[in-house]
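Please read these notes with the model open beside you. They go point by point, starting with a term you will need.

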Amino acid sequence: MTTILGIDAAWTATQPSGVAVVSSTACNWRLIFAGSSYRHLLAHADEGLISASRPCGSVAEAEALLAAAGKIAGAPVDLVAVDMPLSLEPITARRVSDNLVSAAYGARHCSTHTPSAIRPGKISDDLRSGFERCGYGLLTKEVGAPGLLEVYPHPALVELMRAEKRLPYKQGKTRNYWPMENPASRRNKLFETWRTIVACLDQEIPGASEVLQLPPLESPSWQLKAFEDMLDAAICAWVGICVFEGAAVPFGDDISAIWIPHSELLASRRGLP
């Protein structure tokens with residue numbers, strides 16, 4: 001059995017981080033858990049509960065997260081795929097990896113955010129070193145298990161869905177996406193996008209549609225953001241699958257690398273021309 005932990009890591013300790021766990025037997029992958037905070041993952045491992053409570057922010061405790069994910073999957077975690085700038089050296093500005101991804105995907109509106117010594121700063125350093133102490137070193141060139149990966153959902157979704165540009169799926173940006181629509185119409189369009197993404201993920205990871213059930217249309221904004229974080233974590237886990245199966249490539253150098261699925265490798269993995 002192979003197990004991958006996906007983390008949509010918040011850049012501050014006050015915001016929650018989405019988490020997802022995928023596992024496979026004989027390459028039959030399934031999404032078996034998605035939650036909107038580290039605490040939700042720990043609670044599910046301890047009590048078998050799917051929490052609907054409002055998620056709270058906290059820092060990543062690598063040993064506890066690995067133990068919880070391994071307990072849920074019934075096997076140790078092989079790869080951890082994280083949406084957060086990670087580096088073997090202190091991050092103070094844009095890295096080679098940021099520039100390479102932006103050069104490759106900027107025209108498709110998928111440039112990276114600029115990291116700094118403050119954001120994510122210590123959050124990133126502590127996350128990387130915590131997983132490293134557990135035996136999960138940062139992978140920048142070669143794939144090996146156990147290992148830690150930096151991933152980026154926006155270009156990954158572009159590759160997954162063969163989209164022309166970044167998908168409009170962030171709940172806090174609906175006014176930017178559809179400025180001429182009223183709030184109800186914007187929410188409907190957001191939910192349509194979410195359904196499309198979940199359906200595509202379900203083709204790659206059976207069980208995704210069962211785990212990633214959309215919140216009610218009238219939900220408060222925090223519930224929408226919680227779902228979005230879960231969705232991003234599931235995308236991170238899917239990128240981890242692509243890396244494990246040789247369908248993703250690293251953008252970066254020996255110090256840092258962002259792993260992104262490659263369209264031709266994905267087609268080959270799916271048996272398509």
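1. First, a term. A residue is called buried when its relative accessible area is under 20%, exposed when that area is over 50%, and partly exposed in between. Keep in mind that this is a predicted model.

2. Start with strand 1, residues 2–8. Seven of its seven residues are buried. Which residues sit on each side? Thr2, Ile4, Gly6 and Asp8 are on one side. Thr3, Leu5 and Ile7 are on the other. Both faces of the strand are covered.

3. Next, the neighbours of strand 1. Strand 2 (residues 18–25) runs antiparallel to strand 1, and seven bridges join the two. Ile4 is a good place to look: Val22 in strand 2 stands opposite. Strand 4 (residues 79–82) pairs with strand 1 in the parallel sense, over four bridges. There, Ile7 has Val82 as its bridge partner.

4. Turn to helix 3, residues 96–105. Its buried residues are Ser97, Asp98, Val101, Ser102 and Tyr105. Why do they line one face of the helix? Viewed down the helix axis, they fall within an arc of 125 degrees, so they share one face. The cover over these residues includes helix 5 (153–161), strand 6 (248–252) and strand 7 (257–261).

5. Asp98 deserves a second look. This residue of helix 3 is among the buried ones. Asp98 forms a salt bridge with Arg95, with the closest N and O atoms 2.9 Å apart. Arg95 is buried as well. The pair does not stand alone: Arg95, Asp98 and Glu150 are linked in a network of salt bridges.

6. How many salt bridges does the structure hold? There are eight. Side chains of opposite charge can pair when their charged atoms come close.

7. One of the salt bridges joins Glu210 and Arg30, at 3.9 Å from N to O. Glu210 lies in helix 8 (residues 208–211) and Arg30 in strand 3 (residues 28–35). They are 180 residues apart, so the pair links distant parts of the chain. Glu210 counts as exposed, because its relative accessibility is 54%. Arg30 has 37%, so it is partly exposed.

8. Compare a pair within one helix. Lys122 and Asp126 meet in a salt bridge of 2.5 Å, N to O. Both lie in helix 4 (residues 122–133), four residues apart, or about one turn of the helix. Lys122 is exposed, with a relative accessible area of 59%. Asp126 is partly exposed, at 35%.

Methods. Residues are numbered from 1 along each chain as its sequence is written. This is a predicted model: local features need pLDDT of at least 70, side-chain atom pairs count only at pLDDT 80 or more; totals for chains, interfaces and linings use all residues. Side-chain values use heavy atoms; hydrogens and water are left out. Buried means under 20% relative accessible area, exposed over 50%, partly exposed in between (1.4 Å probe, protein chains only). The arc is that of the directions from the helix axis to the C-beta atoms. Contact means heavy atoms within 4.5 Å. A salt bridge is a side-chain nitrogen of Lys or Arg within 4 Å of a carboxyl oxygen of Asp or Glu. Two strands pair if DSSP finds at least two bridges between them.
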